Amino acid sequence: MSLKERIAHIEQRVKEACERSGRSIEEVHIVAVTKYVSLDTTRSVLDEGISHIGENRPQNALPKWEALGGRGTWHFIGHLQSNKVKDVIGRFQYIHSLDRLSLARELEKRAAAKGTQVLAFLQVNISGESSKQGIQPHEAAAFLKETAGLPHVKIIGLMTMAPIVDDPEQTRPVFRALRELRDDLNAQGLSKEPLKELSMGMSDDFEIAIEEGATWVRLGTLLVGKGEET
Ligand SMILES: *Cc1c(COP(=O)(O)O)cnc(C)c1O
């Protein structure tokens, strides 16, 4: 399958998941995760009309960003070390992996210095696996209170990673719990504006995530393959 065909196929599956759950397709955005693939493939993704690019390592992403002249909208999706924040701010508009207060403060400092604002998802470890990053669900309310006053960091929603399972259906409770947490936080009115976004769902489980309310799905393997041979 060509990249164009793969994109068309994925878009069809997104549409069907929206239909099944009575959602509007406009609410669901695809982030093309290009961490496995080359600059050329990343450029092809942009050429095919997918404008959201996801990367998880600054050292791999920055050369691509430079070569592409910052084309597209860039999403940082991996664990972000505080000493890398200065490289990410001004290039990545979205951070999906805000997982600690010290990172929020560093993002604030660097975004303020550059006169820009960064949009962030609070990463929550719903599954409770020790291998996963993210704050615990019960810590989310306090986190939002602590960060509500940061003018250059805007938390727009929540992000989670589901466990790796044999049957994607098993991920549903994790995605549902993230949506319920978001709705619960919004009911408490803790952030400046209600949290609208849910970043959840990857190649194996994005349809379930959409059925449970995902507004951003992060697709690597299915969209661009795992390496250059695909
Ligand atoms: C790699 C990665 C993805 C994409 O995973 P695929 O299964 O290849 O679609 C999504 N989100 C995060 C945080 C990732 O690190």
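The ligand sits in the largest pocket of this structure, which is a predicted model. About 810 Å³ of space lies in that pocket, and 35 residues line it. A second pocket, the second largest, holds about 230 Å³ of space. Here is a friendly tour of both, starting with the ligand and its neighbours.

**Around the ligand**

- The residues that surround the ligand are Val33, Lys35, Tyr36, Ile77, Met161, Met202, Ser203, Arg218, Leu219, Gly220 and Thr221.
- Sorted by class, this shell comprises six nonpolar, three polar and two charged residues.

**Polar contacts and cover**

- Thr221 places a polar side-chain atom 2.5 Å from an oxygen atom of the ligand.
- Tyr36 also faces a ligand oxygen atom, with a polar side-chain atom 3.0 Å from it.
- For Arg218, the partner is a nitrogen atom of the ligand, and a polar side-chain atom of this residue lies 2.8 Å from that nitrogen.
- On its own the ligand has 390 Å² of accessible area, and the protein covers 91% of it.

**The largest pocket**

- Nearest the centre of the largest pocket, among its 35 lining residues, are Lys35, Tyr36, Asn56, Met161 and Met202.
- Helix H3 (58–67) and strand E8 (216–219) are the elements that give two or more residues to this lining.
- By class, the lining of the largest pocket is made up of 14 nonpolar, 12 polar and nine charged residues.
- Lys35, Tyr36, Met161 and Met202 appear both in the shell around the ligand and in the group nearest the pocket centre.

**The second largest pocket**

- This pocket, with its space of about 230 Å³, is lined by 15 residues, and those closest to its centre are Lys154, Ile155, Ser191, Lys192 and Glu193.
- At least two lining residues each come from helix H6 (140–147) and strand E6 (153–159).
- Which element gives the most to the lining of the second largest pocket? Strand E6 does, with four residues.
- The class split of this lining is seven nonpolar, three polar and five charged residues.

Technical notes:
Residues numbered from 1 in each chain as written. Predicted model: local features only at pLDDT ≥ 70, side-chain atom pairs only at ≥ 80, totals over all residues. Heavy atoms only, no water. Near = heavy atom within 4 Å. Polar contact = N/O pair within 3.5 Å; in protein donor to acceptor, adjacent residues only side chain to side chain. Areas by Shrake-Rupley, 256 points an atom, 1.4 Å probe, with all protein chains shown as cover. 1 Å grid on protein atoms, 1.4 Å probe; cavity = no way out; pocket = protein on both sides within 12 Å on 5 of 7 lines; lining within 4 Å. Sits in = over half its atoms within 2 Å of the grid points. Nonpolar A, V, L, I, M, F, W, Y, C, P; charged D, E, K, R; others polar. Points joined across faces, edges and corners; volume = space filled by probe spheres on them.
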